[in-house]
Amino acid sequence: MSEIAFLLNGEVTRVADAAPTRTLLDWLREDRALTGTKEGCNEGDCGACSVIVTDKSGSRSMNACILFLPQLHGCAVRTVEGISGPKGELHPVQQAMIDHHGSQCGFCTPGFITAMAAAHKNGRTDHNDQLAGNLCRCTGYAPIIRAAEAAEDKPVPAWMEEDLSRLSGITETRDDWARPETTVELAKWYLDHPNGTLIGGATDVGLWVTKNLKDLGPVAFLNNIDDMSDIRITDDLVRIGAAATIADVMEAITPIYPDFAELLRRYGSAQVRNAATIGGNIANASPIGDTPPALIALGATLHLRRGVERRDVLLENYFIDYGKQDRVPGEFIEAVSFPRSADRLKCYKLSKRFDQDISAVCGCFNVRVIHGVVTSARIAFGGMAGIPKRARAVETSLIGKSWDANAADRSWDAFKRDFTPLSDMRASAEYRLEAARGMLMRYLLEDLGADTRVLDVSPPVIVERSASDAARAKPATKTDDPELSAVAAAAALAASAAAEEVAAKATPADAPVSRADTKSENTAAATDARKTDPAEAAESAEKTETADEGSKAAAPASDTPETSSDDAKGTEASASDASDAAPETGGDKSDAADKSAPKTADDSKSDAASNGDDTSDPTQKPQTTEVTDAAKEAAKDGAPENSAPQDTAATPDDKTTDVEPAPKADASATDTAEYPAKPDDAGETPPDQVAIILPPPAKDTPEDKS
Ligand SMILES: Cc1cc2nc3c(=O)[nH]c(=O)nc-3n(C[C@H](O)[C@H](O)[C@H](O)COP(=O)(O)OP(=O)(O)OC[C@H]3O[C@@H](n4cnc5c(N)ncnc54)[C@H](O)[C@@H]3O)c2cc1C
Ligand code: FES
Ligand code: FES
């Protein structure tokens with residue numbers, strides 16, 4: 001005889017001898033006639049079945065369709081029928097949905113109401129994220145989000161409190177399933193049932209049952225094992241218990257590896273993250289699981305246990321082949337750990353939908369740079385092979401070389417050596433390869449201070465490749481390498497100036513000028529180009545960073561058209577591209593952002609001059625002079641036609657003004673927004689003539705995921 005017990009809408013409820021894989025959704029609808037909880041997809045994707053589950057660690061929304069009844073033992077469940085008060089009083093989110101017309105056909109509405117009530121109870125105001133797992137086909141999200149916002153400051157009704165103590169004293173025994181409370185108990189059970197199934201959050205296993213109608217045999221639920229849900233973060237180590245949920249990992253990791261947390265924000269939905277465990281995400285060994293690439297890039301070790309035996313294995317070695325892992329029957333993942341180090345991790349998830357979608361490609365980068373040279377690299381991808389895989393050839397192509405604007409190009413061929421991706425419904429092999437290369441380029445660009453998030457930038461600025469090389473060289477606001485900014489910034493300035501010159505020549509006098517923010521940043525960083533003393537360069541880089549973080553008005557005087565047009569020639573961005581690129585609106589980097597009207601080139605001159613005079617940072621004006629000189633030298637020394645930065649791999653110490661002649665511009669390329677360019681058929685050398693999207697002005701509007 002087995003019995004599980006939980007609170008259902010505040011009432012103690014006991015279920016005897018339920019099949020361990022009976023889902024909460026089926027039980028609610030079929031056994032309790034609580035049909036407010038809807039069945040949409042029956043696989044965790046739509047949120048129509050959302051309920052609120054409360055345990056000792058708090059309340060969260062979860063998908064009833066992939067929750068098995070034993071997972072609820074000792075918890076409280078609140079369905080849409082239990083959201084309103086005992087006398088029919090509406091919950092604040094219900095009232096707000098009425099007030100803001102948040103429901104049309106109404107099928108999705110119960111799921112929204114429960115997810116909103118859970119978020120309301122937790123004081124969450126990130127409504128886009130909290131409701132990303134709830135699909136609505138007809139209302140449109142704006143009224144729903146407005147309703148969530150309207151309910152924000154209303155108190156949580158008393159009836160939403162749960163008294164879990166009323167569940168004490170309940171016992172459970174059964175042969176075909178277990179609910180261990182310690183790793184010791186689990187280890188023993190798994191030794192006895194080596195062919196049994198462990199169930200973490202059931203976000204995979206649940207689908208085996210609801211979609212494949214699979215008989216799981218004996219099962220053990222892991223969601224009650226406290227010592228396997230621990231997350232411990234010390235000065236030099238992060239250790240995450242295998243049963244920790246993705247939601248808990250996300251919260252814990254945010255302060256130390258924010259980009260990892262950002263990746264997790266796009267993992268499924270709030271409902272999925274509240275159930276799924278990190279151990280399950282590793283153990284299922286999906287080639288497109290999101291946590292393994294990040295963990296491999298962080299150098300993670302897996303802690304495995306079988307009975308009393310324990311062993312450690314590097315995560316990158318755990319995945320042997322598609323469907324094959326280094327784990328024997330009866331062995332389970334107890335924890336995963338990785339050394340804590342300065343944060344250099346960036347994660348890029350590419351999926352067809354922003355939210356609630358599995359990756360087509362997920363790339364995670366952890367590259368260390370000292371004095372402009374790559375000293376170590378850990379790069380891993382999901383979606384590029386049958387397993388999550390480290391990009392060793394790419395890493396080798398970077399290590400010991402300059403971390404400069406050409407670094408990504410130098411790794412071009414290495415991607416082909418590391419990966420032979422497959423084509424499937426998510427992406428073609430060619431797309432995956434190019435996307436992976438693009439991710440490295442993006443990491444590099446971001447490291448050099450460029451805005452690259454598509455949600456942060458608009459409209460795009462399209463210039464020729466030669467200019468793009470320069471554009472990659474934005475100030476070293478995030479790199480630890482002042483020398484890098486010296487080389488890169490001179491080229492960036494020159495390219496920006498060249499594009500501007502073309503715009504000035506080819507557009508009417510009242511055409512908008514080039515973006516102030518890009519130029520001012522480039523110019524500020526380019527200060528370093530003249531400095532040969534590393535200490536001086538470092539100091540300058542620091543000032544640049546300060547200016548960038550503060551008013552974002554670093555060296556507006558750098559906009560001087562003289563600098564642009566006189567000193568760096570040859571990058572022939574098309575006139576239309578250049579002028580398209582130009583509006584001084586939307587940027588947050590300079591005082592130009594305050595001015596709504598487009599400016600003329602002449603305005604720009606005078607503004608630039610006055611900006612330079614007015615700048616509150618006295619270091620900025622001399623910097624501008626130096627920049628101008630640096631660009632002149634750059635053009636004089638070797639780039640009469642162009643000003644792309646030299647491949648500094650051979651001379652990493654030469655951090656001043658050397659440039660290499662860039663290929664002559666191909667006018668036809670300027671219409672193309674393809675990036676990175678597809679290698680030509682002849683080989684894997686990246687083509688020189690491609691158009692590229694420069695970082696446009698920072699956005700100031702909130703994300704719109706509707
Ligand atoms: C709607 C939806 C969206 C999703 N979105 C994403 C996404 O964006 N990114 C992503 O990566 N995944 C996503 N997934 C996949 C899924 O969430 C993950 O694979 C999940 O992490 C599995 O964890 P779990 O705890 O739910 O595992 P379960 O389903 O409980 O188990 C999965 C497998 O791991 C085994 N297992 C679990 N714990 C252990 C352990 N400690 N030791 C050994 N074996 C163990 C189980 O026996 C089983 O074989 C999504 C799934 C759904 C349904
Ligand atoms: S029915 Fe779609 S998430 Fe459960
Ligand atoms: S109200 Fe119809 S699907 Fe949302």
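The shell around ligand 1 splits into 14 nonpolar, 13 polar and four charged residues. Keep in mind that this is a predicted model.

**Around the ligand**

In total, 31 residues surround ligand 1, and the closest of them are Gly200, Gly201, Gly279, Gly280 and Asn281. Four elements give two or more residues to this shell: β7 (197–199), α10 (270–275), α11 (278–283) and β15 (332–339). Of these, α11 has the largest share, with four residues. Where does ligand 1 lie relative to domain 1 (3–172) and domain 2 (226–447)? Both domains give residues to the shell, so the ligand lies between them.

**The little sheet that holds β7**

Strand β7 also takes part in an open sheet of three strands, ordered β6-β8-β7, with parallel pairing. The edges are β6 (177–178) and β7; each has a single partner strand, so one side of each is left without a neighbour in the sheet. Between β7 and β8 (residues 219–221), the parallel pairing runs over three bridges. Within it, Ile199 stands opposite Phe221 in β8.

**The core**

The largest nonpolar core has 145 residues, and Ala220 and Val336 are the ones that touch the most other members. Helix α17 (residues 429–447) gives this core its largest share, nine residues. As with the ligand shell, domain 1 (3–172) and domain 2 (226–447) both contribute, so the core lies between them.

Ala220 is worth a closer look. Setting aside neighbours within four places in sequence, its contacts are Trp177, Ala178, Pro180, Leu186, Trp189, Tyr190, Gly196, Leu198 and Ile199. That list takes in Ile199, the residue opposite Phe221.

**Helix α8 and its cover**

Now for helix α8 (residues 246–253). Which of its residues are buried? They are Ile246, Ala247, Asp248, Val249 and Ile253. The cover over these buried residues includes β9 (231–233), β10 (237–241), α9 (258–265), α10 and α11. Two of those names, α10 and α11, have already come up as elements that give residues to the ligand shell.

**Three loop residues**

Here are three loop residues side by side, with their neighbour counts.

| Residue | Loop | C-beta neighbours inside 10 Å | Status |
|---|---|---|---|
| Leu213 | between α7 (205–210) and β8 | 7 | exposed |
| Ala285 | between α11 and α12 (291–297) | 20 | buried |
| Ala342 | between β15 and β16 (345–350) | 8 | exposed |

A couple of these have backbones to check. Most residues other than glycine have a negative phi. Leu213, however, has a positive phi, near 50°, and Ala285 has a positive one too, near 55°. Is Leu213 buried or exposed? With 7 C-beta neighbours inside 10 Å, Leu213 counts as exposed. Ala285, in contrast, counts as buried because it has 20 such neighbours, and the cut-off for buried is 20 or more. The loop that holds Ala285 follows on from α11 and leads to α12, and α11 is the helix with the largest share of the ligand shell.

As for Ala342, its loop connects β15 to β16. Its C-alpha atom is separated by 10.0 Å from that of Asn366, which is 24 residues away along the chain. With 8 C-beta neighbours inside 10 Å, Ala342 counts as exposed. Strand β15, which comes before this loop, is another of the elements that give two or more residues to the ligand shell.

Terms used
Residues are numbered from 1 along each chain as its sequence is written. Chains are lettered from A and ligands numbered from 1 in the order in which they are written. This is a predicted model: local features need pLDDT of at least 70, side-chain atom pairs count only at pLDDT 80 or more; totals for chains, interfaces and linings use all residues. A residue is near a molecule or strand if its C-beta atom, placed from the backbone, lies within 6 Å of it. Ala, Val, Leu, Ile, Met, Phe, Trp, Tyr, Cys and Pro count as nonpolar, Asp, Glu, Lys and Arg as charged, and the others, Gly among them, as polar. Domain bounds come from an automatic or database domain assignment. Two strands pair if DSSP finds at least two bridges between them. A residue is buried if 20 or more other C-beta atoms lie within 10 Å of its own, exposed if 12 or fewer, and partly exposed in between; C-beta atoms are placed from the backbone. Two residues are in contact if their C-beta atoms, placed from the backbone, lie within 7 Å. A nonpolar core is a set of buried Ala, Val, Leu, Ile, Met, Phe, Trp, Tyr and Cys residues joined through C-beta atoms within 7 Å.
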